[in-house]
Amino acid sequence: MRTVAVALLGLSAAVALWSRPAAAARPSVSGAQCSAQGSDRQDCYPWQTSNLTASKCMAHGCCWDPTSPSAEQGGVAGVPWCFYPTIPAPAPGKCSAVTEAARLDCHPEPNASPSSCTARGCCWDAAAAVASPADGQLRGIAACFFPWTPGLAPAGPPTTTALGFNQTLVWGDADRRGPYGNDPDEVHVAVEYETNTRLRVRMTNPADPDAWDVTPLVRAAPAATRRAPSPLLKAATTETTGAPWGLVVTRPNADGSAADVIFDSTPGAAFGGAVFERQFIELSTALGPNEKLYGLGEHVTPLQLDANSTDGAGQTYTIFSRDRGTPDHAAHGATNLYGQHPVLYRLDPSTGRASAMVLLSSNAMDVVVRPGALTIRVIGGIVDLYLLAGPSPVEVAEQYAELVGKPGMPPYFALGFHLCRWGYDNATYFDSIVKGMAAADMPIDAYWHDIDLFEEHRDFTMDPVRFGEAQMGPIIDGLIEGGVRFGGIVDPAIQCNLAPGQYDVLDSGTAADVWVRNAAGDGYAAKGVWPGPTWFPDWIKPSTQGWWTEQLRTFRNVTRWGFIWLDMNEPAIISDDDGCTVPQSALPLPPQPAAGSAAAADAAAEAAVAPPGAQPPASVRAVRGAGRSGAAGPVSGPGFDPEYPPYLPGRFGGETRLDEKTIPMDSQQVTGPHYDVHSLYGITETRVTAAAMVSVTNERPLIISRSSFPSHSRTGAGHWLGDNTATWHDMAMNVAGVMQFAAFFQVPLVGADTCGFNGPTNEELCTRWMGLSATMAPFYRNHNSIGMPEQAPFVFSAKAQASMRFHMRQRMALLPMWAAAFQRAAARGTPVSSTYDPSPLFVRAGVALPVQGVARNSTFARKLPFGFAAFLDPTSGFTASGTAFWDDGVSTDSLTTGTYTLTAIKVTSSADGSGSAVVTPSASGAASPPLLGQLTVAGAQGLKPGAPVKATINGQTATATVDGEFLRIDAGSNAVSLNAAMLIEWTA
């Protein structure tokens with residue numbers, strides 16, 4: 001494979017250079033099947049476009065004949081150059097074998113009819129056609145659909161390898177090729193027992209070694225070199241030559257019960273065989289009858305995914321990074337949100353055993369779930385599938401973290417309360433918010449600014465009139481001196497219609513050639529965002545890192561920003577404004593394909609075929625699966641269409657374009673077309689920003705990003721749940737969203753816009769939401785939109801303020817609990833979650849929570865006494881345990897250098913009124929840990945309120961009181977360093 005080394009956050013990633021060599025394939029349709037003339041031709045490319053090419057036509061498996069003159073050339077108007085081949089109708093049994101939920105649409109354009117459907121060799125369902133509204137809005141079940149196919153079949157039995165086994169597959173249907181006729185001659189499958197709990201299934205086309213593969217950019221686990229010694233999973237594959245191929249993976253159980261089926265792709269009544277084409281891969285698995293499913297992000301869904309629908313089509317979860325607000329998931333898809341997380345957790349509620357499927361792919365996809373089956377349809381790349389054995393849910397999450405990377409530690413202040421809004425109109429208004437929070441005695445750790453801080457919405461500027469340095473400087477100084485951090489938003493799009501010398505961010509970016517290029521490679525991809533026409537940095541380009549670091553360094557010197565908020569990084573646009581030009585003399589030449597390479601051959605073959613409107617050459621026809629040749633015969637290969645791919649994820653949900661609200665899919669990044677790496681735009685920006693912030697601040701960064709992808713939090717980066725609305729429903733869905741990211745996607749620093757972003761909130765809603773986020777959201781930020789009423793906590797009634805203040809203070813007291821949870825995530829990948837529920841406060845029995853004193857922010861709270869609150873579990877002998885973590889709160893290397901303290905506590909109570917707490921540090925490297933001198937015990941036995949209790953700490957007398965069910969012990973001047981061992985004892 002031809003590769004280029006790309007330095008990204010200090011990691012060297014091998015990224016395939018862009019090329020699209022033609023995959024070897026057998027002819028699938030004859031010349032006669034492309035012989036239709038005139039009005040008999042069915043247009044295979046109905047979209048209005050000026051750049052239709054042979055390659056785009058062939059991507060849809062259609063015929064290409066530019067010899068027919070257009071209307072302008074005196075021919076028949078409306079005669080297409082790209083048209084469907086005429087294929088014999090399938091046998092009836094191959095139509096009835098396809099369940100409604102498994103149907104793949106064969107007629108994506110409107111006005112399907114029995115004749116137009118059967119002429120392309122597909123199945124017609126009159127009942128489904130009647131049920132579909134006449135306006136073309138589909139109900140989720142295709143009326144014209146591809147017939148059942150056995151899909152891929154073994155070319156022979158598997159062969160043993162050092163890691164597992166390999167197998168070669170070929171197309172197994174003698175009557176027809178795959179849905180779009182672009183099947184390779186062979187597909188190679190490698191099944192690898194990488195660890196005792198992780199099985200890898202990798203499917204590739206050996207004739208396309210440069211097919212896009214995202215794994216090197218996101219995988220953290222080292223490559224396996226030998227088979228795991230004691231794997232929990234067992235894989236078996238179809239061995240009979242020519243039979244429909246299936247892979248079955250089971251997990252034998254030690255108790256002798258029947259093995260759990262983790263994956264089963266054997267074709268049958270529920271689904272057809274596997275398909276592997278250049279722009280369409282389909283792989284299915286059976287599901288157990290009672291399985292509970294979780295994951296598949298990003299969507300607004302209940303925590304448990306639904307597999308049913310009213311129309312029998314199941315549930316389609318479209319996965320592709322997209323800016324579309326926060327609509328609830330819809331059954332037919334197209335409600336995909338900002339991030340791409342193709343990971344599915346499976347739970348058998350009867351046994352409590354869990355497993356997971358992880359598809360490392362950045363291409364757009366639909367995951368169709370229905371009772372008993374799941375089908376993945378992805379429109380590019382390869383299959384790199386990982387099956388995680390668990391068997392407990394926590395173990396599954398930890399195994400996923402091992403694969404993509406454990407979350408990094410955020411800075412301590414990131415866990416406190418933050419306040420933000422779009423609509424701080426000027427410095428005076430912002431100052432009134434700061435003063436209002438202080439006067440109301442509301443604990444706060446950080447203030448965030450939105451794009452209104454900028455001049456003309458341009459990144460790294462300050463509006464000189466509304467937010468001049470003379471106005472903002474004293475406010476920022478006061479915040480920092482008072483222990484509060486200040487930061488804000490950065491959008492990736494950089495205004496590009498300014499003359500040289502007007503905007504250094506633009507000038508320096510152009511000089512470093514950091515921008516995403518247009519399709520031709522001779523200019524830059526331009527679209528409209530908040531400043532107007534903009535260009536977009538290519539975060540994978542090595543030159544982008546230095547340029548971005550300097551922008552952050554320069555702006556921080558003015559603003560003292562301590563953290564960054566990355567918005568609009570799907571990337572999102574708000575208009576098609578492309579009014580930017582750059583002199584050719586200033587534009588670096590695009591990379592050219594090497595002479596004799598497959599990419600050069602593709603370019604030459606494409607050039608040999610005239611596009612519509614050009615004078616056509618001698619007779620040229622392209623048939624599905626045709627091999628490479630010159631202009632006198634069939635043109636090259638299976639084709640590629642990034643603009644209108646043959647399968648469009650989310651189409652039944654109303655999706656019409658893959659590039660909705662984003663830059664064109666044929667824009668060029670250093671790795672190739674944006675089509676393949678679109679969903680990586682946010683994570684690559686996050687990594688570059690993290691490296692820049694570490695360089696500039698020498699502290700671990702706080703970065704909140706809207707777009708995310710597997711491995712997102714390896715840098716410690718977080719995520720907020722997007723542009724929600726101030727409703728009770730949105731607050732309820734906030735709970736599921738936080739748990740999805742924190743527990744399933746390994747993005748623990750997550751939270752919603754508390755009180756709601758869009759729409760006016762109200763006092764009761766905001767009060768409840770402030771309490772909810774304080775107790776269950778790792779990232780706790782109140783944020784609302786421009787034009788909405790102010791919703792800072794101090795603007796509400798005294799009663800509401802008292803409730804909010806209580807929860808904010810409670811949050812600050814429990815910051816050590818959150819820090820310990822993040823340390824467990826960083827060390828083992830254990831999901832971050834609170835151990836208590838919102839008010840009225842409930843804590844899980846058996847837990848001892850680390851707590852600290854309360855101050856106006858965490859900077860000062862860290863200087864106050866430290867303690868534990870233990871909640872004894874009567875079912876385990878009246879015991880409780882927990883851990884406390886402590887470091888300086890900002891260092892990037894405390895976990896690797898050992899400059900932290902990790903202390904465990906075990907609390908026990910006896911019926912005679914005695915008890916003890918044993919505190920044992922397992923690591924004591926923190927330079928200045930707090931003093932541990934307070935213990936609160938709930939549920940201690942044999943104690944009566946008001947009765948005397950004697951207590952000692954390391955033999956020294958301590959104060960002890962009983963208040964209701966709580967025993968409180970205070971060491972006073974005998975407090976001991978958190979680095980030291982401690983024995984606390986009490987007697988009635």
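**Exercise 1.** Is Leu296 buried or exposed? Place Leu296 in the secondary structure and describe its backbone.

*Solution.* The structure is a predicted model.
Step 1. Find the element: Leu296 belongs to strand E17, which covers residues 292-297.
Step 2. Read the accessibility. The relative accessible area of Leu296 is 4%. The cut-off for buried is under 20%, so Leu296 is buried with its 4%.
Step 3. Check the backbone. Leu296 has a phi near 55 degrees, which is a positive value in a residue that is not glycine.

**Exercise 2.** Carry out the analysis of Exercise 1 for Asp513.

*Solution.* Step 1. Asp513 sits in the loop that runs between helix H9 (504-511) and strand E28 (526-529).
Step 2. Its relative accessibility is 17%, so Asp513 counts as buried.
Step 3. The phi of Asp513 is near 55 degrees, again a positive value in a residue other than glycine.

**Exercise 3.** Describe the chain as a whole: its secondary structure, its buried share and the sequence separation of its contacts.

*Solution.* Step 1. The protein chain has 19 helices and 50 strands.
Step 2. Of its 988 residues, 61% are buried.
Step 3. Take the contacts between residues at least 6 apart in sequence; 70% of these join residues at least 24 apart.

**Exercise 4.** Which residue 584 places away in sequence has its C-alpha 4.0 Å from that of Ser55? Locate Ser55 and state its burial.

*Solution.* Step 1. Ser55 is part of helix H1, residues 54-59.
Step 2. With a relative accessible area of 17%, Ser55 is buried.
Step 3. The residue asked for is Gly639: it is 584 residues from Ser55 in sequence, and the C-alpha to C-alpha distance is 4.0 Å.

**Exercise 5.** Find the proline that follows a cis peptide bond after Glu570, then trace how His678 relates to Glu570 and to that proline.

*Solution.* Step 1. The cis peptide bond joins Glu570 to Pro571, with omega at about 0 degrees. Pro571 is in the loop between strand E30 (564-566) and helix H11 (598-607).
Step 2. His678 lies in another stretch of chain, the loop between helix H12 (674-677) and helix H13 (681-697). Its relative accessibility is 0%, so His678 counts as buried.
Step 3. The side chain of His678 comes to 3.3 Å from the backbone oxygen of Glu570.
Step 4. Apart from neighbours within four places in sequence, His678 contacts Phe320, Ser321, Glu570, Pro571, Thr662 and Met665. Both residues of the cis bond, Glu570 and Pro571, are therefore on the contact list of His678.

A further cis peptide bond is found between Gly390 and Pro391, where omega is about 10 degrees. Pro391 lies in the loop between strand E23 (383-388) and helix H6 (393-404).

**Exercise 6.** Describe the surroundings of Ile704.

*Solution.* Step 1. Ile704 is in strand E33, residues 703-705.
Step 2. Ile704 is buried, its relative accessible area being 0%.
Step 3. Leaving out residues up to four places away in sequence, Ile704 touches Trp448, Ile564, Trp565, Leu566, Gly718, His719, Trp720, Leu749 and Phe779.
Step 4. For one of these, Trp720, the C-alpha atoms of the pair are 6.7 Å apart, and the residues are 16 apart in sequence.

**Exercise 7.** What side chain does Arg219 meet in a polar contact of 3.0 Å?

*Solution.* Step 1. Arg219 is in the loop between helix H5 (215-218) and strand E12 (234-237).
Step 2. Arg219 counts as buried, because its relative accessibility is 13%.
Step 3. The partner is Tyr386, whose side chain makes the 3.0 Å polar contact with that of Arg219.
Step 4. Beyond four places in sequence, the contacts of Arg219 include Glu194, Arg198, Arg200, Leu360, Leu403 and Arg714.

**Exercise 8.** How many cavities of 30 Å³ or more are there, and what lines the largest cavity?

*Solution.* Step 1. The count is 12 cavities of 30 Å³ or more.
Step 2. The largest cavity holds about 240 Å³ of space. It is lined by 27 residues, and those closest to its centre are Ala102, Pro147, Trp148, Thr149 and Glu282.
Step 3. Sorted by class, the lining of the largest cavity comprises 13 nonpolar, eight polar and six charged residues.
Step 4. Strand E16 (281-286) and strand E22 (373-378) each give at least two residues to this lining.
Step 5. Domain 1 (54-146) and domain 2 (152-404) each contribute at least three residues to the lining of the largest cavity.

Definitions and conventions:
Residues are numbered from 1 along each chain as its sequence is written. This is a predicted model: local features need pLDDT of at least 70, side-chain atom pairs count only at pLDDT 80 or more; totals for chains, interfaces and linings use all residues. Side-chain values use heavy atoms; hydrogens and water are left out. Helices (H or I, at least four residues) and strands (E, at least two) are DSSP runs, numbered from the N terminus. Buried means under 20% relative accessible area, exposed over 50%, partly exposed in between (1.4 Å probe, protein chains only). A polar contact is a pair of N or O atoms within 3.5 Å; within protein, one must be able to donate a hydrogen and the other to accept it, and residues adjacent in sequence count only if both atoms are side-chain atoms. Contact means heavy atoms within 4.5 Å. On a 1 Å grid over the protein atoms alone, a cavity is a set of points where a 1.4 Å probe fits but cannot get out, and a pocket is an open set with protein on both sides within 12 Å along at least five of seven lines; lining residues have an atom within 4 Å of a point. Grid points are joined across faces, edges and corners, and a volume is the space filled by probe spheres set on the points. Ala, Val, Leu, Ile, Met, Phe, Trp, Tyr, Cys and Pro count as nonpolar, Asp, Glu, Lys and Arg as charged, and the others, Gly among them, as polar. Domain bounds come from an automatic or database domain assignment.
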